[in-house]
Amino acid sequence: MNFFTQKYNEYQKAFVRALSEHCAQMDFRPAVLTESMRYSLLLGGKRVRPVLFLSTLDAYKQDYRAELTLAVAIESVHTYSLIHDDLPAIDNDDFRRGQASSHKAFGEANAILAGDALLSYAFDLLLSVCGRGEKYLAAARELSQAAGAEGMISGQSADLLYTGKTGGREELKYIYRNKTGKLIAAPVVMGTILAEKDVAPMRAFGDSLGTLFQLTDDILDVKGEKKAMGKTLGKDEEEDKLTCVKVFGMERSERLADEYAEKCHSYLNEVKEADTAFLTGLIDMVRNRNH
């Protein structure tokens, strides 16, 4: 097992253990609410966002195991967004991570409420650590802004606005930066804030990684395999979504993904006082992923 795989497994295991403990403590009524929240949180997945957060802390020689509550908050926000993305009114996808989407497993109304509950739960977790100091408030604010009307929701709204319509590079860049990018960058920035280091180069790295992630997602919607991806493929073209493949074509999209991978490496090279070996490997994982 190489260094990158070993470290990824280490972060993922620590996170999943903490997530399982939080899920075991959930006892909301009626029982279907707890069940639906747990269902989506525990479906699996790469856990990229919590891994980014924990590995950034580790890169700055911080005790990442002391900050697992924040990692669960990050994943709760992400999971809520997936539940709502899959709803019939938005992306209308029956599968998530190879299993039935929340609205297929529990019904549309219960899925909406599960997503709402996970978003609120995330902020309960954020508030639970804010008493530890100003930097925790700053980290919480970073996640809040990335998830809300200044970030992910704005990007999702723009994605819907340009579905079935003409858009170009600037519109696509806006969607990528907000819908996906800010919730990829936020864990990196949060970890840097807690380590009390210069945020600027890590934010630039996170922003570029978010764009790279969405580029590869759009590419895989065309050329990926359903079994590996764990969700319905070909929906972007079917619904006439604004994607890199629609705007640039596949060949240019692949080149853009390579360019953004290089940008990520370049920004990491500017980071001082951190061991960025794992994050370097993560760039390559995102660029070369098949799911």
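User: Exposed means over 50% relative accessible area, buried under 20%, and partly exposed in between. In this predicted model, is Glu273 buried or exposed?

Analyst: Glu273 sits in the loop that runs from helix H14 (250–269) to helix H15 (277–288). Its relative accessibility is 60%. The cut-off for the upper class is over 50%, so Glu273 counts as exposed.

User: What is the phi of Glu273?

Analyst: Most residues other than glycine have a negative phi. Glu273 is not a glycine, yet its phi is positive. The value is near 65°.

User: Which class of exposure does Asn92 fall into?

Analyst: Asn92 also has a positive phi, about 50°, without being a glycine. This residue is placed in the loop between helix H4 (68–85) and strand E1 (95–96). Its relative accessible area is 38%. That value falls between 20% and 50%, so the class is partly exposed.

User: Which residue follows Arg29 across a cis peptide bond?

Analyst: Most peptide bonds are trans. The bond that starts at Arg29 is cis, with omega near -5°. The residue after it lies in the loop between helix H1 (3–25) and helix H2 (31–41). That residue is Pro30.

User: Which helix gives the largest share of the largest nonpolar core?

Analyst: The core has 79 residues, and those with the most contacts inside it are Phe53, Phe205, Leu209, Leu212 and Leu282. The largest share is 10 residues, drawn from residues 169–195. That helix is H9.

User: Which residues in the range 169–195, helix H9, does Phe53 touch?

Analyst: Leaving aside residues up to four places away in sequence, Phe53 touches Glu67, Leu70, Ala71 and Ile74, among others. Its other contacts have numbers that fall in the range of helix H9, 169–195. They are Pro187, Met190, Gly191 and Leu194.

User: How many disulfides does the structure have?

Analyst: A disulfide is a covalent bond between the sulfur atoms of two cysteines. Cys264 is buried, at 0% relative accessible area, and the closest cysteine sulfur, in Cys244, is 15 Å from its own, too far for a bond. Cys130 is buried as well, at 14%. The search of the whole structure gives a count of 0.

User: How many residues apart are Glu75 and Arg97, which form a salt bridge?

Analyst: The closest N and O atoms of this pair are 3.5 Å apart. Glu75 is in helix H4, while Arg97 is in the loop between E1 and strand E2 (99–100), and the pair links distant parts of the chain. Glu75 is buried at 1% relative accessibility, whereas Arg97 is partly exposed at 22%. Their separation in sequence is 22 residues.

User: Which residue pairs with Lys241 in a salt bridge?

Analyst: The N to O distance is 3.1 Å, and both partners are buried. Lys241 lies in the loop between helix H12 (235–238) and helix H13 (244–248), and its partner lies in helix H8 (residues 152–161), so the bridge ties together parts that are 82 residues apart in sequence. The partner is Asp159.

User: How many salt bridges does the whole structure have?

Analyst: Side chains of opposite charge can pair when their charged atoms come close. One example is Asp240 with Lys246, at 2.9 Å between the closest N and O atoms; Asp240 is partly exposed at 31% and Lys246 at 39%. Elsewhere, bridges with shared partners join Lys7, Glu10, Asp58 and Arg65 into one network. The search of the whole structure finds 21.

Notes. Residues numbered from 1 in each chain as written. Predicted model: local features only at pLDDT ≥ 70, side-chain atom pairs only at ≥ 80, totals over all residues. Heavy atoms only, no water. Core = buried A, V, L, I, M, F, W, Y, C linked by side-chain atoms within 4.5 Å. Buried < 20%, exposed > 50% of the residue type's maximum accessible area, 1.4 Å probe, protein only. Helix = DSSP H or I, 4+ residues; strand = E, 2+ residues; numbered from the N terminus. Contact = heavy atoms within 4.5 Å. Disulfide = S-S within 2.5 Å. Salt bridge = Lys/Arg side-chain N within 4 Å of Asp/Glu carboxyl O.
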